[in-house]
Amino acid sequence: MSTALQATGVTLRYGAVTAVSDVDISVAPGILHGVIGPNGAGKSSFMDALSGRRKLSAGTVKLGGQDITRRSVTWRRRNGMARSFQKTSVFGAMTVRTQLDMVARKTGEDDLDGIVDALSLRPYLDEVCSSIAYGHQRRVDIAMALLGRPTVVLLDEPGAGLSVEESAQMFDHIRALCTDRDVAVVLVEHDVEGVFRVCDEITVLNLGAVLASGTPAEVRAHPDVIEAYLGSEA
Ligand SMILES: Nc1ncnc2c1ncn2[C@@H]1O[C@H](COP(=O)(O)OP(=O)(O)OP(=O)(O)O)[C@@H](O)[C@H]1O
Ligand SMILES: [Mg+2]
């Protein structure tokens with residue numbers, strides 16, 4: 001099976017703190033890969049390492065087989081790796097339409113309408129980004145990450161701050177977009193049940209290291225995961 005994203009031995013230290021320790025991940029096109037773990041497990045640090053926001057202390061990141069470990073965030077965005085941000089990124093006085101058009105032109109997107117509909121954004125196209133509800137802003141942010149047909153999309157807590165219902169819809173949108181656009185998605189989320197519901201594969205981080213990795217069924221049944229993380233809910 002071809003691999004869109006492959007990272008090996010990813011290690012990230014902040015001074016004396018090892019936030020990410022020797023983590024491997026491999027994600028094929030069309031696969032939704034969830035990353036879960038307790039607070040401070042290293043999930044955001046891992047995403048920062050994959051996205052190029054922070055330099056690895058050790059390890060390799062490959063995009064479509066090409067070593068991109070030392071490439072900048074900008075280079076990655078131009079060459080197929082996009083990410084969303086937990087804080088809504090670019091929201092000023094522009095309408096949703098103008099904002100999306102601008103990024104679509106810059107990235108050479110050929111199906112903006114498809115993305116708009118897949119994220120249920122059509123009713124808000126003529127509203128000013130900063131004035132629409134937070135949940136809609138989150139979906140604009142996801143739309144922007146998807147423009148230009150990236151092969152890999154990194155999403156750090158796209159459901160943060162959303163209601164239970166909005167969060168469930170967000171997961172459904174991401175699931176559909178992942179499959180329809182054949183993009184490899186890495187999804188970090190606190191909503192563990194949501195991750196188990198929509199993801200094809202899951203990696204569980206604990207203290208910066210991989211505790212378990214596999215299909216949702218495999219991970220749910222993993223003794224270490226049950227003990228350390230899922231507790232009596234499992
Ligand atoms: N800039 C930083 N400088 C020093 N230590 C940091 C920094 N950012 C994170 N850490 C530490 O690295 C570890 C991993 O943090 P990280 O934010 O990656 O975890 P997380 O899994 O995303 O947590 P959360 O679920 O709270 O979002 C924690 O011990 C944290 O305190
Ligand atoms: Mg985090």
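In this predicted model, the second largest pocket holds about 170 Å³ of space. A general point helps in reading such a value: rolling a probe the size of a water molecule over the atoms shows where empty space is left. The lining of this pocket includes a run from Arg 54 through Lys 55, Leu 56, Ser 57 and Ala 58 to Gly 59, and Ala 49, Gly 52, Thr 69, Arg 70, Arg 71 and Arg 76 belong to the lining as well. Sorted by class, the lining residues of the second largest pocket comprise five charged, four polar and three nonpolar ones.

Some of these positions lead on to the sheet, since Ala 58 and Gly 59 line the pocket and strand β4 spans residues 58-63. The sheet is open and has four strands in the order β2-β1-β4-β5, with antiparallel pairing. Its edges are formed by β2 (17-27) and β5 (66-67), each of which pairs on one side only. As a general matter, strands of a sheet pair through backbone hydrogen bonds, either parallel or antiparallel.

At one end of that order, strand β1 (residues 5-14) and β2 run antiparallel and are joined by seven bridges; within this pairing, Leu 12 has Val 20 in β2 as its bridge partner. The two strands form a hairpin with two residues between them, and in the turn Gly 15 has a positive phi of about 60°. At the other end, β4 and β5 pair in the antiparallel sense over two bridges, and here Lys 62 stands opposite Asp 67 in β5.

From the sheet the reader can turn to ligand 1, which has 13 residues around it, with Gly 40, Gly 42, Lys 43, Ser 44 and Ser 45 coming nearest. Helix α1 (residues 43-51) contributes three residues to the shell, the largest share, and by class the shell consists of six polar, four nonpolar and three charged residues.

Several polar contacts can be followed atom by atom. A polar backbone atom of Gly 42 lies 3.0 Å from an oxygen atom of ligand 1, while an N or O atom in the side chain of Lys 43 is 2.7 Å from an oxygen atom of the ligand. For Ser 45, a polar side-chain atom is found 2.5 Å from an oxygen atom of ligand 1. On its own, ligand 1 has 630 Å² of accessible area, of which the protein covers 60%.

Definitions and conventions: Residues numbered from 1 in each chain as written. Chains lettered and ligands numbered in written order. Predicted model: local features only at pLDDT ≥ 70, side-chain atom pairs only at ≥ 80, totals over all residues. Heavy atoms only, no water. Near = heavy atom within 4 Å. Polar contact = N/O pair within 3.5 Å; in protein donor to acceptor, adjacent residues only side chain to side chain. Areas by Shrake-Rupley, 256 points an atom, 1.4 Å probe, with all protein chains shown as cover. Nonpolar A, V, L, I, M, F, W, Y, C, P; charged D, E, K, R; others polar. 1 Å grid on protein atoms, 1.4 Å probe; cavity = no way out; pocket = protein on both sides within 12 Å on 5 of 7 lines; lining within 4 Å. Points joined across faces, edges and corners; volume = space filled by probe spheres on them. Pairing = 2+ DSSP bridges.
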